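Colleague: Could you take me through how one reads the packing and backbone features of a model such as this one? I would like the general idea first and the particular case afterwards.

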Amino acid sequence: MTTSPVTSPAIPQEREASLLASVPTGLLINGAWQEASDGGTFDVHDPATGEVLATLASATSEDAVAALDAADAVQASWARTAPRVRAEILLRAFDLITERAEDFALLMTLEMGKPLAEARGEVTYGAEFLRWFSEETVRDYGRYLTTPEGKNKILVQHKPVGPCLLITPWNFPLAMATRKVAPAVAAGCTMVLKPANLTPLTSQLFAQTMMEAGLPAGVLNVVPTATASGISGPLLKDSRLRKISFTGSTSVGKKLMAVAAQNVLRTSMELGGNAPFIVFEDADLDKAVEGAMAAKMRNMGEACTAANRFLVQESVAAEFTEKFAAAMGALNTGRGTDPAAQVGPLIDAGARDDVHALVAAAVEAGATAITGGAPVEGPGYFYQPTVLGGVPNGAAILGQEIFGPVAPVTTFATEEDAIRLANASEYGLASYVYSRDFNRLLRVAEQIEFGMVGFNVGVISNAAAPFGGVKQSGLGREGGTEGIAEYTTTQYIGIADPYTS
């Protein structure tokens, strides 16, 4: 593994500059890009170098209310828009993003740090939400039936919930926006989108693309800001807002839920994770290592679905750990635009320091850094891909979301032990199980407390599948047929018996 990031140029500086210059830097309110009401701005940095990429308008509370004004003003007309029209807008947006895949990939690499190969994968994944929900738009079925006693008729219809506040995280700048915006558009809801201030550029370009696809003014409003509470605070207290969808930390999610409760808002929360990766003694270890690399190193480990705890049965722990460490140790760190780079930087210095603190504490508690275990010297916020062996139960690194390229390995004796250790977390988002015994896979899935389980596979996110967790990992689901339901309300109409009335 390299001890300093590779720095070979791959993308001409002129190409980067041209792309950045094409990204809107204002607030999108009622179909127009504009400055913040107080003229405030904030900078967006390249985590690989620390240099400023762009300066954006920083929305104020006044701007947030103006965005909601715009969303509320067109909510009724947008809700009456034919489903096919909404579907075609989403499909055009899918086509436009697919055509501009290289632009979106490069922009994400610049502001978030992930290697271009991963960024291209996110473009494919993120765009798919637009195509998936374009298809679901015309299939949001209601029902009509007779009451059991036969006296009346039941008519059930789904209606858009109304104006929504969508708050996205920094780690998947495109996919987290499309995963929220697409079902809202499909359901007929208007939106105020607040992207993360660390990676807002992709959302800006995405919003511009949605308008080019034909989305009417006011349906999608975007308010990047340096002060998130200045946006969420006044909007959550406004009775015109009818839903909040948030992806981020559990601590922030709880605060938002407490405020949202005052207006009894519809709430979707995709919060923290602490995913166990369970390897049983009968697993194909080579495939388990391959899956472990995918589950751990997607997005440099900066994903809520990232494998956070590797629970390996005692009889195969040494072999698995050796192979896993060899694969991790072979990875190159570097700026994501470099074709030799396989691991980009962490998002900022604080994130890198937090990861190293967890590693240092684990080593002090008795773990061994088999590979890695330290920050990478030089510019940017890089951390060595790390495997820790012999991590004792109770170590802090097993109880916290790492959000970095660090894999702690601990052992278990029996299937019951594996289930107990997996459930020994307040979180319950993603989990992974490797075994050749399908009955065991089913037993474990029924007993572990997680919203998603990967059977012999390290990447499970898909636009057609319901994404979400249990316990402190949140509530609601995104994606799948369940995704559009989060943006609708169910109305029941009782109808007198047409044969007797």
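## Reading rings, helices and loops

Modeller: Let us begin with two rings in the interior, since Phe280 and Phe412 are both buried. Please keep in mind throughout that this is a predicted model.

Colleague: How many aromatic pairs does a search of the whole structure find, and what is the geometry of the pair that Phe280 and Phe412 form?

Modeller: The search of the whole structure gives nine aromatic pairs. Among them is the one formed by Phe280 and Phe412, which is edge-to-face, with 5.3 Å from centre to centre and 75° between the planes. This pair links distant parts of the chain, given that Phe280 sits in the loop between strand 12 (275–279) and helix 10 (285–297) while Phe412 belongs to strand 16 (residues 406–412), 132 residues apart.

Colleague: Which geometry does the pair of Phe320 and Phe324 have, and where do these two residues lie?

Modeller: Phe320 and Phe324 form a tilted pair, at 5.4 Å centre to centre and with 45° between the planes. The general idea to apply here is that an α-helix has 3.6 residues a turn, so residues three or four places apart point the same way. In this case Phe320 and Phe324 are both in helix 11 (residues 314–329), four residues apart, or about one turn of the helix.

Colleague: Why does Phe320 count as buried, and why does Phe324?

Modeller: Buried means under 20% relative accessible area. Phe320 is buried because its relative accessible area is 0%, and Phe324 counts as buried because its relative accessibility is 0%. Both residues also belong to one aromatic cluster, which is formed by Phe277, Phe310, Phe320, Phe324, Tyr432 and Tyr434.

Colleague: Which rings have a charged side chain over the face?

Modeller: Phe467 has Arg179 over its face, at 4.0 Å from the ring centre, and Tyr487 has Lys243 over its face, at 4.8 Å from the ring centre.

Colleague: I should like to turn to helix packing. How do the axes of helix 3 and helix 5 cross, and what is the handedness of that crossing?

Modeller: Two packed helices are described by the angle between their axes and the distance between the axes. The axes of helix 3 (residues 83–99) and helix 5 (residues 116–136) come within 7 Å, and they cross at roughly 160°. An angle over 145 degrees counts as roughly antiparallel, and helix 3 and helix 5 are therefore roughly antiparallel to each other. Their crossing is left-handed. Residues of helix 3 including Leu90, Leu91, Phe94 and Ile97 meet residues of helix 5 that include Val123, Leu130, Arg131 and Phe133.

Colleague: And how does helix 5 lie relative to helix 6, parallel or antiparallel?

Modeller: The axes of helix 5 and helix 6 (residues 175–187) come within 8 Å and cross at roughly 5°, and the two helices are therefore roughly parallel to each other. The contact involves Glu122, Tyr125, Gly126, Phe129, Leu130 and Phe133 on the side of helix 5, and Ala175, Thr178, Arg179, Ala182, Pro183 and Ala186 on the side of helix 6. Arg179 is thus a residue of this contact as well as the one that lies over the face of Phe467.

Colleague: Which residues of helix 14 are buried, and what covers them?

Modeller: In helix 14 (residues 415–423) the buried residues are Glu415, Ala418, Ile419, Leu421, Ala422 and Asn423. Their cover includes strand 12, strand 13 (307–313), strand 16, helix 15 (438–447) and strand 20 (470–471).

Colleague: Finally, what should I look for in the backbone of the loops?

Modeller: Most residues other than glycine have a negative phi, and most peptide bonds are trans. Val264, although not a glycine, has a positive phi of about 50°, and its place is in the loop between helix 9 (250–260) and strand 11 (266–270). Val264 counts as exposed because its relative accessibility is 64%. Asn456, likewise not a glycine, has a positive phi of about 55° and is found in the loop between strand 19 (452–455) and strand 20. Asn456 is partly exposed, its relative accessible area being 39%.

Colleague: Where is Gly390 found, and which residues does it touch, leaving aside those up to four places away in sequence?

Modeller: Gly390 is in the loop between strand 15 (386–389) and helix 13 (396–399), and it is exposed, with a relative accessible area of 56%. Not counting residues up to four places away in sequence, Gly390 touches Gly366, Ala367 and Val409.

Terms used: Residues numbered from 1 in each chain as written. Predicted model: local features only at pLDDT ≥ 70, side-chain atom pairs only at ≥ 80, totals over all residues. Heavy atoms only, no water. Phe/Tyr/Trp six-rings, centres within 6.5 Å; stacked < 30°, edge-to-face > 60°. Buried < 20%, exposed > 50% of the residue type's maximum accessible area, 1.4 Å probe, protein only. Lys NZ or Arg CZ within 6 Å of the ring centre and 35° of its normal. Axes fitted to C-alpha atoms, helices over the stretch in contact; angles between N-to-C directions. Parallel < 35°, antiparallel > 145°, perpendicular 65-115°, else oblique. Left-handed = near helix turned anticlockwise from the far one by under 90°. Contact = heavy atoms within 4.5 Å.
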